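These are my notebook entries on what I looked up in this structure, taken one topic at a time. I began with sheets and then went on to helix packing and the contact between chains.

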Amino acid sequence: MNQMRFDAVLLARDAEGLFWMARYLERVENLARLIDVTQSFESPGFETDAWFGLIRINADEKNFKARGFSPDATHVKRFYLLDRGNPTSVPGNLEDARTNARTLRPLMSTEMWRQINVFHRFVGRITPEDLEGDALSRLCTKLKDGVQAHTGITEGTLYRDQGWYFYELGRLIERADQTTRMLDIKYTALLPQGREEKRVAELTQWNAILRAAAGYHAFKRRTRASFSSEDVVHFLLRDPSSPRSALLCVRRAESHLDDLRRIYGLSAAGEAIELAEYLRELLLEMPIGHILAAGLHEYLDIVQIHIQKLAAAIGRAFFRDWQPAEPAPVGGQSQSQTQGPAEAVA
Amino acid sequence: MNDIFRNTWPDYDPGRYFCELTRKRPGAGPVPDWLIQRLGRIGLDALRARASAAETELIDLGVTFTVYSDATAIDRILPFDCIPRVLTAGEWDLLERACIQRVAALNAFLGDIYGPGHIVRDGVIPAELVYGNSNYRPEMKDFPVPHGTYVHVCGIDIIRDEFGDFRVLEDNARTPSGVSYVIENRHLMLRTFPDLMAGIKLLPVDDYGRRLRAAMTEIAPGGDDDPQVVLLSPGIYNSAYFEHVFLAREMGVPLVVGADLVVENERVYMRTISGLRRVHTIYRRLNDDFLDPAVFRPDSMLGVRGLISAWKAGNVAIANAVGTGVADDKAVYAYMPRIIKYYLGEEALIQNVETHICREAEGLQYTLDNLHKLVTKPVGESGGYGITIGPRASKEELDVARASILADPGNWISQPMIGLSVAPTLAEEGIGPRHLDLRPFIVTGKESWVLPGGLTRVAMKRGSLIVNSSQGGGSKDTWVLADDFGQGDGA
């Protein structure tokens, strides 16, 4: 007789923990990508603007000021790489990821746990010297390596039951969110303004954004020699094959939710599936030219609100005590990042 | 002492203490020379290098416990000493039988005091010590438990005196911890010292999770042969959280916290992504006080409201049972030899350490008169807190102890200072003798099973007698030789 159980249970708290662990680690990778790119492509005279762009991407203006930092390159780097008290920093996100990992330890492979532990220790030892000159780029590479090692080990060792789906959903939703944020801020900073030499400088900046989204070479293969900003926006939002495009992330999230309903009989996924469908249509319905003409920022704000709604719907359906973030009014600044429970245990 | 050892580690001197590795055991076969030879071949520098690699591995794996002092909480590894503690087959035979005997007596005692109370009426133990005990739970009165088992998991602290005789120092019948280290230490040894272990037949330690789950299945209500078992933990801030994770994984059951559980219609459920799911057996690593705010501490955020009513309705099993604390109390401990005799009609296979009960006039007087010679312990504490070691205490410390005892004599016992046995341990000065004890773990559903060996805790500080992890103690892998004479090629 077969003794295996096929109806293994997943605690609501653990589903939530997996979802958020993936989000926190995805944020670490995205921060490392953004910092690396900002460093590599800062233009003389505009350093402060470039670095403060990071603060705006994460909607961290208030938080940054409250923690006593002033808007210059050094302070922004420290805020994101050294300040453990800042929950949106690399150490802050990793602390939350590891705390979640502790609660999830019974479900995780030993390899996953070991790697997060070692990575956590590495991040806790970042020094101000690591933020200087060429050391910074090496640090960013190590941070990306750390998260990618995590995702690789997870791919190879995490048991693929319902828990894996919630982990994936967290990662995809965070990635879609991060891509739209980056596009939002950088596009506003790069609005085309006439003169040819400025345009060339802008192209360099667009390349930087593509690199930050790990899409530079694929983009080159997919587009004409002379590309426009419209092409970049199209690529980041709608490319069907780029791992970090908003569309790919949303489509995969939709498919995972569908699997949860179909394979595991979780009918509560219904509302989230509808939201994912809506989001997918929102990403595809209008020509990019029209979006740009009507205002990319306003459009991306709507996309971001719906990404948050999707996360909230998953929370309502499956998690223990989800509290939806207050959606900010459309327009103005970026949506602030929602925080999950670093841990659900008192 | 053994010649090979003397040649290998000439500065090693256990003094008047019984050395676990170098002293001959009467009638127990030869001292395991091969271990000393192998250690000698590895050499001190390599031992240190490997020990350091092993500690790094423990840190990487997060095999840690949390030490709380004032406002800080620090994750520490339990210091690991790479020189194993060896028990011969003959020694283990005695230890195993003694542990089973002791658990049988503890369960019989609990069944009696929460039932008819014969032992009190027969005058074997004072009524006040039982019914006036702060760990006696009136809620348990006349509530039958499956198979008469109250103490499903028991850890018995056993020491060895200067003469090599084992003695029970303490029973842990509530939620004893440390078993995860037994198994992790063995895995670590297998990875780090394969050459030390090659060809030696040891009793295995990796069956614990299966045995524990089997016991949890045996006590489930309704005789379900595949009940939903869960491990109830206070959560990630508990100092033993790593062990909770370890046991949940080894058993293959969910680790839950109080907030994951809910009681409806006197049935216990857990909150899953697909709604509420019935729970049949709870292995709880939470003290009685915190289990159910409706019955015990109303401010408990860690427990489950209604749990006790579900239990009393027979809809869920809880291990260990509520109210076992009355049996492992340090004052009740003094009566254990008589308790064993009363229920089992046998002498204790391993004797207690002689104990003076300060709640009794005679014991109090003796304790006060001999404070400088005795170890005094508060009965309600664990983890080595509150202990005063008379022969090593200053006059001021003795005065403090005297005042504490006089203020509340019922809270104190005293024992002669036992020269705990020692074993060679990697230390700053090289290989030095360090004091140790042994905590075997006994799992009981229908019947008792003893995990071969147990946790050997070792005081890492020279001369220290306190082996508790919260006080800087470490641990060793505990080897139980499968048989005393077929112990490898000796090469």
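Entry 1, an antiparallel sheet. Working from a predicted model, I looked up the strand order in chain B and found that three strands form an open sheet in the order β8-β9-β10, with antiparallel pairing. I noted that β8 (261-264) and β10 (275-278) of chain B are at the edges and have a single partner strand each, so one side of each is left without a neighbour in the sheet. From one strand to the next, the twist averages 45 degrees. For the register I checked β8(B) against strand β9 (residues 267-272) of chain B, which pair in the antiparallel sense over four bridges. Which residue in β9(B) is the bridge partner of B:Val262? I found that B:Tyr269 takes that place.

Entry 2, a parallel sheet and its helices. I then turned to a second open sheet of chain B, where four strands are arranged in the order β7-β6-β11-β12 and the pairing is parallel. Its edge strands are β7 (255-256) and β12 (317-319) of chain B, and I recorded that each pairs on one side only. Strand β11 (residues 281-284) of chain B is joined to β12(B) in the parallel sense over three bridges, and in this pairing B:Thr281 stands opposite B:Ala317 of β12(B). Looking for helices that pack here, I saw that helix α10 (residues 241-251) of chain B packs on the sheet and touches β6 and β7 of chain B, with a direction that makes about 175 degrees with that of β6(B). Helix α9 (residues 208-218) of chain B lies across β6 (229-232), β11 and β12 of chain B, and I noted that α9 runs at about 110 degrees to β6(B).

Entry 3, a hairpin. I looked up strand β17 (residues 422-427) of chain B and found this strand mostly covered, with five of its six residues buried. Its pairing with strand β18 (residues 430-439) of chain B is antiparallel and extends over six bridges, and B:Leu426 stands opposite B:Ile431 in β18(B). How many residues lie between β17(B) and β18(B) in the hairpin they form? I counted two residues between them.

Entry 4, a helix pair in chain A. I next examined helix α12 (residues 246-264) and helix α13 (residues 270-284) of chain A, whose axes come within 9 Å and cross at roughly 155 degrees. Angles over 145 degrees count as roughly antiparallel, and α12(A) and α13(A) are therefore roughly antiparallel to each other. I recorded the crossing of α12(A) past α13(A) as left-handed. On the α12(A) side the contact includes A:Leu247, A:Val250 and A:Leu257, and among the α13(A) residues that they and others meet are A:Ile273, A:Ala276 and A:Leu283. By class, the residues of this contact of α12(A) with α13(A) divide into ten nonpolar, one polar and six charged.

Entry 5, chain A against chain B. Finally I looked up the contact between the chains, which takes 23 residues from chain A and 20 residues from chain B. On the side of chain A that touches chain B, α1 (12-40), α5 (90-104) and α6 (110-124) of chain A each supply at least two residues. Which helix gives the most to that side? I found that α6(A) does, with five residues. The side of chain A that touches chain B has twelve nonpolar, five polar and six charged residues.

How values were computed
Residues numbered from 1 in each chain as written. Chains lettered and ligands numbered in written order. Predicted model: local features only at pLDDT ≥ 70, side-chain atom pairs only at ≥ 80, totals over all residues. Pairing = 2+ DSSP bridges. Axes fitted to C-alpha atoms, helices over the stretch in contact; angles between N-to-C directions. Contact = placed C-beta atoms within 7 Å. Parallel < 35°, antiparallel > 145°, perpendicular 65-115°, else oblique. Left-handed = near helix turned anticlockwise from the far one by under 90°. Nonpolar A, V, L, I, M, F, W, Y, C, P; charged D, E, K, R; others polar. Buried ≥ 20, exposed ≤ 12 C-beta atoms within 10 Å, placed from the backbone.
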